[in-house]
Amino acid sequence: MNKSNQKYLAAFIAQRIEMGESEWNVSLRPTFEKNLKKSVTPTYADHNLISQQTASSVVSEDVQSACSRSMFSDTLISGNDSLKELYGEVCGCKRCQLGSLRKNFVFGEGNPDADIMFIGEAPGAEEDAQGLPFVGRAGQFLTQMIEAIKLHRKDIFIANILKCRPPGNRDPRPEEIEMCEPILKRQIEIIKPQVICALGRISGQTLLRTGDTLGSLRGRVHNYHDVKLIVTYHPAALLRNYKWKRPAWEDLKFLRREYDGMEL
Ligand code: SF4
């Protein structure tokens with residue numbers, strides 16, 4: 001394995017450890033190195049990598065066929081015409097390759113006037129199947145996390161950076177983020193949250209355009225387009241690694257304090 005691929009392998013293993021996986025099988029067949037290159041997340045330290053493209057260009061270019069599950073626009077985001085309009089504009093998006101691979105577009109759900117938004121990286125298999133964000137085991141745990149800080153899921157808005165599932169739950173690629181993030185930015189502009197909670201390293205790194213570790217991103221208030229942003233563990237990582245639950249609880253208390261000063 002050459003040096004470049006050693007670097008990819010090291011980054012891959014670091015990611016898996018961060019996600020709480022303690023065992024994995026690695027096959028060094030010739031195709032492995034090729035696949036590894038594709039699957040490892042690059043850092044997002046290069047701010048120029050992801051353009052500051054607006055959602056309107058996504059909307060204007062990518063209104064595709066009618067949305068397969070357009071009823072969600074009524075059930076998930078009722079009461080906000082702008083959000084509904086955005087949903088209608090982008091739910092048929094096929095701007096990146098993931099649009100052709102998804103079962104369902106996963107827009108996000110929750111209170112369109114939420115003060116707090118939770119943002120993960122991308123839908124998983126269950127989310128793709130249902131067209132809803134955070135509905136698997138990790139989603140149930142997220143609901144518990146939200147209730148632990150004395151809020152309800154219906155009070156907040158939950159979304160992902162990518163609206164379509166990457167195959168095999170691989171990490172989002174920079175070009176996919178570049179294409180999709182304008183939709184998230186529009187959601188944030190419409191919802192106008194007071195605080196954003198980025199779930200997991202990839203979400204934090206992507207939103208903040210940094211290659212910093214999760215450890216260094218936690219415990220601080222960042223600025224995401226003039227909205228306070230706090231980074232914590234992804235609920236899937238917490239399910240896999242019990243020892244992160246305590247620091248995650250500290251993050252959640254910090255979030256609540258930053259939101260309205262409540263001490264838990
Ligand atoms: S991931 Fe985003 S940019 Fe890509 S097809 Fe889905 S909605 Fe469009």
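The exercises below, each with a worked solution, concern a ligand shell, a sheet and a pair of helices in a predicted model.

Residues are numbered from 1 along each chain as its sequence is written. Because the model is predicted, local features need pLDDT of at least 70 and side-chain atom pairs count only at pLDDT 80 or more, while totals for chains, interfaces and linings use all residues.

**Exercise 1.** Determine which residues surround the ligand, and which element gives the largest share of them.

Start with the residues near the ligand (C-beta atom, placed from the backbone, within 6 Å of it): these are Cys93, Lys94, Arg95, Cys96, Leu98, Gly99, Leu162, Lys163, Cys164, Glu176, Met179 and Cys180. Next, assign them to elements, where helices (H or I, at least four residues) and strands (E, at least two) are DSSP runs numbered from the N terminus; α6 (98-101) and α9 (174-191) each give two or more residues to the shell. The largest share, three residues, comes from α9. Finally, sort the shell by residue class (Ala, Val, Leu, Ile, Met, Phe, Trp, Tyr, Cys and Pro as nonpolar, Asp, Glu, Lys and Arg as charged, the others, Gly among them, as polar), which gives seven nonpolar, one polar and four charged.

**Exercise 2.** Work out the strand order of the sheet and find which helices pack on it.

Take two strands as paired if DSSP finds at least two bridges between them; the six strands then form an open sheet in the order β1-β3-β2-β4-β6-β5, with mixed pairing. The edge strands, each pairing on one side only, are β1 (109-110) and β5 (222-224). Within the sheet, β2 (residues 116-120) and β4 (residues 195-199) run parallel and are joined by four bridges, and Met117 has Ile196 of β4 as its bridge partner. Turning to contacts (C-beta atoms, placed from the backbone, within 7 Å), α9 packs on the sheet and touches β2, β3 (157-160) and β6 (227-232), whereas helix α13 (residues 245-260) touches β2, β4 and β6.

**Exercise 3.** Establish how α5 and α9 are oriented to each other.

With axes fitted to C-alpha atoms over the stretch in contact, and angles running from 0 to 180 degrees between N-to-C directions, helix α5 (residues 81-90) and α9 pack at about 170°, their axes 10 Å apart. The two helices are therefore roughly antiparallel (over 145 degrees) to each other. The contact is made by Ser82, Leu83, Leu86 and Val90 of α5 with Ile183, Arg186, Gln187 and Ile190 of α9, of which five are nonpolar, two polar and one charged.

How values were computed. Contact = placed C-beta atoms within 7 Å. Parallel < 35°, antiparallel > 145°, perpendicular 65-115°, else oblique.
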